[in-house]
Amino acid sequence: MGYYADAHYAEAADAVPTAVAVAIADRNAHDHGGRGAAALLTRAYVLATAVAVKERGDLAMITADRAVQAARLSPDPLAAAMAARAQTVVLRQRVTTPRHGRSRTTP
């Protein structure tokens, strides 16, 4: 298994930049048209989102959006589902996380 699956979140966070860079290089090597390249990039951004969510980081929304963008370039329905789930988790966290002593759903 990987760092994230084994709950080694600090190590997973350290691995994310490399995973994203490798996925981007793979996509670029396939002239932005490789079927698997877009799915791989989606997975890298989903991992980045999962780590950012665990860290309650502000980058989670950005990485989730990038996952969705990458998934749109992939014909793989699993890539689209993974990206949509990552984005949903981020949005749910933002709604339920108290900020300034109250939740975001409080008027």
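These legends go with a set of close-up views of a predicted model.

**View 1. The largest nonpolar core draws on helices H1, H2, H3 and H4.** This core has 19 residues, and those touching the most other members are Val16, Val20, Leu41, Tyr45, Val46, Ala67 and Ala83. Helix H1 runs over 9-29, H2 over 35-54, H3 over 59-72 and H4 over 77-96, and each of them supplies at least two residues of the core. H2 chips in the most, with 7 residues.

**View 2. Zooming in on Leu41, one of the best-connected members of the largest core.** Leaving aside residues up to four places away in sequence, Leu41 touches Val20, Ala23, Ile24, Arg27 and Ala70. Elsewhere there's a second core, separate from the one Leu41 belongs to. This second core has 6 residues, among them Ala52, Val53, Ala60 and Ala64.

**View 3. H4 has a buried side and an exposed side.** H4 is 20 residues long and spans 29 Å from its first C-alpha to its last, close to the 28 Å expected at 1.5 Å a residue. Its buried residues are Ala79, Met82, Ala83, Ala86, Val89, Val90, Gln93 and Arg94. These residues sit on the same side of H4 because they cover an arc of only 130° around the axis. Look to the other side of H4 and you'll find Pro77, Arg85, Arg92 and Thr96 exposed. So one arginine of this helix, Arg94, is on the buried list, while Arg85 and Arg92 are exposed on the other side.

**View 4. Ser74 and Asp76 lead into H4 with side-chain to backbone contacts.** Ser74 belongs to the loop between H3 and H4. Is Ser74 buried or exposed? Its relative accessibility is 10%, which is under the 20% cut-off, so Ser74 counts as buried. The Ser74 side chain reaches the backbone nitrogen of Asp76 at 3.0 Å. Asp76 in turn has a side-chain oxygen that comes to within 2.9 Å of the backbone nitrogen of Leu78, at the start of H4.

**View 5. Confidence varies along the protein.** The mean pLDDT of the protein is 82, with 77% of its residues at 70 or more. Confidence is lowest in H1, with a mean of 83, and highest in H3, at 94. Keep an eye on residues 100-107, where the pLDDT is below 50. Beyond near neighbours in sequence, that stretch has 9 contacts in the model.

Key:
Residues numbered from 1 in each chain as written. Predicted model: local features only at pLDDT ≥ 70, side-chain atom pairs only at ≥ 80, totals over all residues. Heavy atoms only, no water. Core = buried A, V, L, I, M, F, W, Y, C linked by side-chain atoms within 4.5 Å. Buried < 20%, exposed > 50% of the residue type's maximum accessible area, 1.4 Å probe, protein only. Helix = DSSP H or I, 4+ residues; strand = E, 2+ residues; numbered from the N terminus. Contact = heavy atoms within 4.5 Å. Expected span 1.5 Å × (residues − 1). Arc of directions from axis to C-beta. Polar contact = N/O pair within 3.5 Å; in protein donor to acceptor, adjacent residues only side chain to side chain. pLDDT = per-residue confidence, 0-100.
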